[in-house]
Amino acid sequence: MCNFQDSKQKVRHCKYCGARLKEEISEYCDRDCRIKGQRLWIREQRRRRRWLSNPIGRMVLQVENYNKAHNTNYSYGQFVALCLPKIIKEGTV
């Protein structure tokens, strides 16, 4: 029986443009992609901080966390109408 995992070579791609990388290169294909990738990462972090500082963004995150923890699929409206009053009453918020 042949073990394919041993024979497969791990292929890496540039984090910015997706070009196939040589073995000795680990993240970006060139300097320009590295700069653009780092700028993109910083911009995404700022966007995420703005989203999480927004009250609606925090509530959506709370709905997602509740759904994961309780294995449910409540929408925002269902969560606010059905679950949030119980959570507030219990004092776990």
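Tyrosine 74 comes out partly exposed in this predicted model, at 27% relative accessibility. Its ring sits 6.1 Å, centre to centre, from the ring of tyrosine 66, and with the planes at 35° the pair counts as tilted. Tyrosine 66 itself is buried, with a relative accessible area of 18%, which is under the 20% that marks the buried class. A search of the whole structure turns up two aromatic pairs, and ring pairs link Tyr66, Tyr74 and Phe79 into a cluster.

Another tyrosine turns up on the surface. Tyrosine 76 lies in helix α4, which covers residues 76-90, and counts as partly exposed at 40% relative accessibility. Together with Trp51, Ile56 and Val80, Tyr76 makes a nonpolar surface patch of about 350 Å².

Just before that helix, what is odd about the backbone of asparagine 71? Asparagine 71 has a positive phi of about 55°, although it is not a glycine. For context, most residues other than glycine have a negative phi. Asparagine 71 belongs to the loop between α3 (55-70) and α4, and it is exposed, with a relative accessible area of 72%.

Now for the charged side chains. How many salt bridges does the structure hold? The count is three, and here they are with their N to O distances:

| Acidic partner | Basic partner | N to O distance |
|---|---|---|
| Glutamate 27 | Lysine 15 | 3.6 Å |
| Glutamate 27 | Arginine 34 | 3.7 Å |
| Glutamate 44 | Arginine 47 | 2.5 Å |

Take the pair of glutamate 27 and lysine 15. Both residues lie in the loop between α1 (4-7) and α2 (31-53), so their salt bridge ties together parts that are twelve residues apart in sequence. Glutamate 27 is partly exposed at 31% relative accessibility, while lysine 15 is exposed, with a relative accessible area of 58%. Glutamate 27 also meets arginine 34 in a salt bridge, and arginine 34 is partly exposed, with a relative accessible area of 35%.

The pair of glutamate 44 and arginine 47 sits within helix α2, where the two residues are three apart and so are separated by about one helical turn. Glutamate 44 is partly exposed, with a relative accessible area of 35%, and arginine 47 is also partly exposed, at 40%. As for the bridges that share partners, they join Lys15, Glu27 and Arg34 into one network.

That leaves the cysteines. How many disulfides does the structure hold? The answer is zero. Cysteine 14 is in no disulfide, and its nearest cysteine sulfur, that of cysteine 17, is 3.7 Å away. Since a disulfide needs the sulfur atoms within 2.5 Å, that separation does not qualify. Cysteine 33 is in no disulfide either, with the nearest cysteine sulfur, that of cysteine 29, 3.5 Å away. Are these two cysteines buried or exposed? Cysteine 14 counts as buried at 5% relative accessibility, and cysteine 33 counts as buried at 9%.

Notes: Residues numbered from 1 in each chain as written. Predicted model: local features only at pLDDT ≥ 70, side-chain atom pairs only at ≥ 80, totals over all residues. Heavy atoms only, no water. Phe/Tyr/Trp six-rings, centres within 6.5 Å; stacked < 30°, edge-to-face > 60°. Buried < 20%, exposed > 50% of the residue type's maximum accessible area, 1.4 Å probe, protein only. Patch = residues over 30% accessible without salt bridge, like charges linked within 9 Å, V, L, I, M, F, W, Y side chains within 5 Å. Areas by Shrake-Rupley, 256 points an atom, 1.4 Å probe, with all protein chains shown as cover. Salt bridge = Lys/Arg side-chain N within 4 Å of Asp/Glu carboxyl O. Helix = DSSP H or I, 4+ residues; strand = E, 2+ residues; numbered from the N terminus.
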